[in-house]
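This briefing covers a protein–DNA model, for a reader who works at the bench. Please look over the sequence and the structure before going on to the notes.

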2 protein chains.
Amino acid sequence: MVPVTAPTRTRLAPEQRRTQLLDLGVRLLATRSLDELSIDVLAEEAGISRGLLYHYFGGKHAFHEAVVRHAADDLIAQTAPPEGGEPLERLLASVTAYVDYVVANHAGYQSLVKAAASGNDVLREIYEDARSALTGRIFTEDPWGDLIPDTPVNRLVVRGWSAMVEELVLAWVADPADVPRDRLLELVAGSLPALVESAGS
Amino acid sequence: MVPVTAPTRTRLAPEQRRTQLLDLGVRLLATRSLDELSIDVLAEEAGISRGLLYHYFGGKHAFHEAVVRHAADDLIAQTAPPEGGEPLERLLASVTAYVDYVVANHAGYQSLVKAAASGNDVLREIYEDARSALTGRIFTEDPWGDLIPDTPVNRLVVRGWSAMVEELVLAWVADPADVPRDRLLELVAGSLPALVESAGS
DNA sequence: TGCCACTATTGAACGAGCGTCAATAGGATG
DNA sequence: CATCCTATTGACGCTCGTTCAATAGTGGCA
C-alpha cells in the first residue's frame, strides 16, 4: 500500500512557517471559535504535525493571541489615515478605508471581533488597543478644530460610535440588501457629527 | 480522617435544581468563557456531582444555551415597554429600564453578550432575538408616528444604534467616571432621533 | 562532490476534562 | 414502618491538548 499523497516533510524558514500558520489561523478562526478548532484539524489543514504548532507558539491559547495580534496589526496598517485635506473629508476617507478593509478581509476582521468578546483579558486588550488606534486620532489630531472637545461625555460618544460603525458594517457586509455602499459610507461618516451635536458638549 | 463538610446528598425538586444551576451558570459565565469553566468547578460550586448536570441539561453546550436563554428571557421580561405616553417619553422609559437592568444584573447581561460573539449560531440567534424583541417595537409600535419609516436604511440605523447603546452602557457601568446617570440616559435616548435625522429617510 | 552540524519537524506517550450508565439513596405515600 | 419512585452519584471510556526525545531536511565547509 503506497500512500497516495507523499508524506514528504516540507521544511520552511521559520518566518514563512510562522506567517503561513498565522494566516491559516486567521481564516479558520473567522468562523469557528477556539474550542471548536482542534489542533489536529489545524495541523492537517496546514500540512504539518501537531507538535510543530507548539514549537512555534507554545500552546493553543498563545497561538490564538498571535493570530489576533496578526489581524489587529494588519487592520491598523491598512487603514492608516490620509495626510491632509478637510476634516470631514479625512473622516470620510478613514471610514472608507475601514469599510473597504472589512469588506476585503472580513475573515480577519471577524476573528478579531470574535476574540474580543469571547475570551481572556489579553485578547480583549488587543482588540481595545486596535480600536483606540483607529478612533484615538479623532481627539489627538483634532480633525474638527474644536468642534469635538475632549470631554468624558465625548469619549463615551466616540466609543459608542465606533461600536455602531462596527455593527453597521458587519451587518451590511453580511447582507448589503438595498443599501448601496456610498449610502453606507455617508451614513457612517455623517453619524459622528450628528451624535456629537446631539450630545451637546 | 473525617470529612470536614458532611457529604450529605441534598435532594431538590427538579424545577428548583434547574433554576439553581441556571442562576449559578449565569453568574459563572459572566466572567469566564465556556471552555474556561470546567464541569468539575461548576459541580463543586453547586454542591452536586458532574453527572447531575448531564441529567438536567445533557451536555456542556446545551447547558450554555439554557443559561443564555435564561438570561435573555429575564432581560426581555424586566424591560417591558410602558403602556402609554408620548413617543419620546416612552423611548426614554424603555432606555431607562434597559440601563437599570444592565446596572442591576450586569453579570447576566455580560454572559449574554459574551455568548453572542463567542459561539455557535444557536447562541447568536438567541441574542439576536432578544435584541429584536427590545428594538423591534420601535417599528411595529411606531412610537414617533411616521418620523421613523420602516426603510432598509432605518433598519440599519436602529441596529447600529442598539449596538452603540450596548457599548455605552457597558462602558459606563464598568467606569461611571464623570458622567452622571441622567446624562447617560438623555445621551442614549437623544441619539436615536439624531441618527435617524442624520440618515435622512 | 560529499560529509557534518544545525535545527525544523515529527510521533508516541501522558494527563486533564467531557460524556455515559448502571447503581445508590432521599422522601413521600400507603 | 415498608415500599416505590426518582433525584443523585461515582467510576469508566474516550477525545484532545500538551510534552519531549528522536528524526530528517538544508546550508556550509572541506
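The notes below cover the protein chains, the interface between them, and the two DNA strands.

The model is predicted. Chain A has a mean pLDDT of 90, and its interface with chain B buries about 2900 Å². DNA strand C has 23 residues around it, and DNA strand D also has 23.

**Chain A: fold and confidence**

- Chain A contains 10 helices and zero strands.
- Read from the N terminus, the order of its elements is α-α-α-α-α-α-α-α-α-α.
- Along the principal axes, the C-alpha atoms of chain A occupy a box of roughly 75 × 35 × 30 Å.
- Of the residues of chain A, 92% have a pLDDT of 70 or more.
- Residues 1–5 of chain A have pLDDT below 50, and this stretch makes zero contacts in the model beyond near neighbours in sequence.
- Where pLDDT is low, predicted coordinates should not be read in detail.

**Salt bridges**

- Over all chains, the whole structure has 22 salt bridges.
- One of them pairs Asp121(A) with Arg124(A), with the closest N and O atoms 3.6 Å apart.
- Asp121(A) and Arg124(A) are about one helical turn apart because they sit three residues from each other in helix H7 (residues 121–135) of chain A.
- Between chain B and chain A the count is four salt bridges.
- Among these is the one between the side chains of Arg131(B) and Glu167(A), at 3.3 Å from N to O.

**Interface between chain B and chain A**

- The contact involves 37 residues of chain B and 37 residues of chain A.
- Carbon and sulfur atoms give 69% of the buried area of about 2900 Å².
- Eight residue pairs are in polar contact across this interface, both residues being at pLDDT 80 or more.
- On the side of chain B that touches chain A, the elements giving two or more residues are helix H6 (106–118), helix H7 (121–135), helix H9 (152–174) and helix H10 (181–199) of chain B.
- H9(B) contributes the most to that side, with 13 residues.
- Sorted by class, the side of chain B that touches chain A consists of 17 nonpolar, 11 polar and nine charged residues.

**DNA strand C**

- The closest of the 23 residues around DNA strand C are Leu12(A), Arg17(A), Ser49(A), Arg11(B) and Tyr54(B).
- Of the strand C atoms within 4 Å of the protein, 69% are sugar and phosphate.
- Two of the phosphate contacts come from different chains: a polar side-chain atom of Tyr56(A) is 2.9 Å from a phosphate oxygen of strand C, and a backbone N or O atom of Ile39(B) is 3.2 Å from a phosphate oxygen of strand C.
- At the bases, a polar side-chain atom of Arg50(B) is 3.5 Å from a base oxygen of strand C.
- The elements that give two or more residues to the surface near strand C are helix H1 (14–28) and H3 of chain A, with helix H2 (39–46) and H3 of chain B.
- H3(A) gives the most to this surface, with five residues.
- The surface near strand C holds eight nonpolar, six polar and nine charged residues.

**DNA strand D**

- Arg11(A), Tyr54(A), Leu12(B), Arg17(B) and Ser49(B) come nearest among the 23 residues around DNA strand D.
- Sugar or phosphate makes up 69% of the strand D atoms within 4 Å of the protein, and bases make up the rest.
- An N or O atom in the side chain of Lys60(A) is 2.9 Å from a phosphate oxygen of strand D.
- Leu12(B) uses its backbone: a polar backbone atom is 2.7 Å from a phosphate oxygen of strand D.
- Arg11(B) addresses a base, with a polar side-chain atom 3.1 Å from a base oxygen of strand D.
- Helix H2 (39–46) and helix H3 (50–57) of chain A, together with helix H1 (14–28) and helix H3 (50–57) of chain B, are the elements giving two or more residues to the surface near strand D.
- H3(B) gives the most to that surface, with five residues.
- By class, the surface near strand D comprises eight nonpolar, six polar and nine charged residues.

Technical notes:
Residues numbered from 1 in each chain as written. Chains lettered and ligands numbered in written order. Heavy atoms only, no water. Contact = heavy atoms within 4.5 Å. Buried area = accessible area lost by both parts, 1.4 Å probe. Polar contact = N/O pair within 3.5 Å; in protein donor to acceptor, adjacent residues only side chain to side chain. Helix = DSSP H or I, 4+ residues; strand = E, 2+ residues; numbered from the N terminus. Nonpolar A, V, L, I, M, F, W, Y, C, P; charged D, E, K, R; others polar. Near = heavy atom within 4 Å. pLDDT = per-residue confidence, 0-100.
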